[in-house]
Amino acid sequence: MGATGKGYLNKKLLRIQVGFLLTEGPGNSREIPFIFPRRVQVEDDLYLDSLTGNLVLTRTKEGILVQGTLRFSHTRECDRCLEEFQGCANVELAELFAYPPDAIKSVFSVDSKGEIDLAPLLREEVLIEDSYRAVCRDDCRGLSAETGFNLNDEIEAQAEADLEADHGGAIDPRLAVLRTLLK
Ligand SMILES: [Zn+2]
C-alpha cells in the first residue's frame, strides 16, 4: 500500500494543531473530518483497521472542546466461538482539552506546541466499547460444551448435508445397500 512500508498510519496523525482556534478566541469552532480508511495506530497496543467521522473543535474559555462521533473497525475475538471477526462500533467524544493545562478541569490538555493528542482519549473510548460483549454474528452458536467444536461449522455442515438430501443428489450409502438387497 503506502510507501512507508509499515502497513499502518502513524499515531502522530491523531495529533491536531489547534493554535489557530486558540487565537480566534471563545465561541469559534471548526469541523475536522477524520478519514482513515486503513490501518492506523492509536497506541503501541491498539491498532484500528479504519477510523472515520467528523469532529467539531470549539474554543471555549477553558480550552478546546472536542465533540463528535467516530466509527472504527478492528479485528476482535468472538466471545462465543472464539473466532476472529471484524468488529465495528461508534465512539462518541465530548471532551475538554484544557488550555492552559488544568488537571482539575480535564486530564487532557493542549500541549506547548498548540496541539491536542486524540490518541489517549480514543484508546480509552475504544477499550470501553470493546469491554461490551462481542459476537461475530447475532446467531453465533458458540462452542459445543461437550466437544469444544465450533457449533457454527457443525450447523453449516448439517445444512449442506440437508440441502444435498433435499435435491436427492446423494443417496445415503446405507440405503443404497438396502436397495440392492431388496432386489
Ligand atoms: Zn462467534
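Trainee: How many bridges join S5 to S6, and in which sense do they run?

Mentor: Ten bridges join S5 to S6, and the two strands run antiparallel. Strands here are DSSP runs of E with at least two residues, helices are runs of H or I with at least four, and both are numbered from the N terminus. Two strands pair if DSSP finds at least two bridges between them.

Trainee: Before we go on, what kind of model is this?

Mentor: This is a predicted model: local features need pLDDT of at least 70, side-chain atom pairs count only at pLDDT 80 or more, and totals for chains, interfaces and linings use all residues. Residues are numbered from 1 along each chain as its sequence is written.

Trainee: Thanks! Back to S5 and S6: how many residues lie between them in the hairpin?

Mentor: Three residues sit between S5 and S6 in that hairpin. For a landmark, find Leu51, which stands opposite Phe72 in S6.

Trainee: Which strands make up the open sheet, and in what order?

Mentor: Four strands form it in the order S2-S5-S6-S7, with antiparallel pairing. S2 and S7 stand at the edges with a single partner strand each, so one side of each has no neighbour in the sheet. From one strand to the next, the twist averages 10 degrees.

Trainee: What about the pairing of S2 with S5, how many bridges there?

Mentor: S2 (residues 29-36) and S5 pair over eight bridges, in the antiparallel sense. One landmark is Ile35, whose bridge partner in S5 is Thr52. On the other side, 15 bridges join S6 to S7, which run antiparallel, and His74 has Gly87 in S7 as its bridge partner.

Trainee: Switching to helices. Which residues of H2 are buried?

Mentor: Leu122, Glu125 and Val126 are buried in H2. A residue is buried if 20 or more other C-beta atoms lie within 10 Å of its own, exposed if 12 or fewer, and partly exposed in between, with C-beta atoms placed from the backbone.

Trainee: Why do they line one face?

Mentor: Seen down the axis of H2, the buried residues fall within an arc of 100 degrees, so they line one face of the helix. That arc is taken from the directions between the helix axis and the C-beta atoms.

Trainee: What do those buried residues pack against?

Mentor: They pack against strands S3 (40-43), S4 (46-48), S6 (63-77) and S7 (84-98). Contact means that C-beta atoms, placed from the backbone, lie within 7 Å. Val42 is a good residue to click on: its contacts include Leu122 and Val126, not counting residues up to four places away in sequence.

Trainee: And H3, how many of its residues are buried?

Mentor: Zero of its 16 residues are buried, so H3 is hardly covered.

Trainee: Which residues touch the most other members of the largest nonpolar core?

Mentor: Of its 23 residues, those are Val18, Val42, Leu51, Ile64, Phe97, Val110 and Ile116. The largest share, four residues, comes from S6. Such a core is a set of buried Ala, Val, Leu, Ile, Met, Phe, Trp, Tyr and Cys residues joined through C-beta atoms within 7 Å.

Trainee: Any backbone oddities? Which peptide bond is cis?

Mentor: The one from Tyr99 to Pro100, with omega near -5 degrees. Also look at Leu82, which has a positive phi of about 65 degrees although it is not a glycine. Most residues other than glycine have a negative phi, and most peptide bonds are trans.

Trainee: Where does Leu82 lie, and is it buried or exposed?

Mentor: Leu82 lies in the loop between S6 and S7. Leu82 counts as exposed, because it has 12 C-beta neighbours inside 10 Å.

Key. Two residues are in contact if their C-beta atoms, placed from the backbone, lie within 7 Å. Axes are lines fitted to C-alpha atoms, for helices over the stretch in contact, and angles run from 0 to 180 degrees between N-to-C directions.
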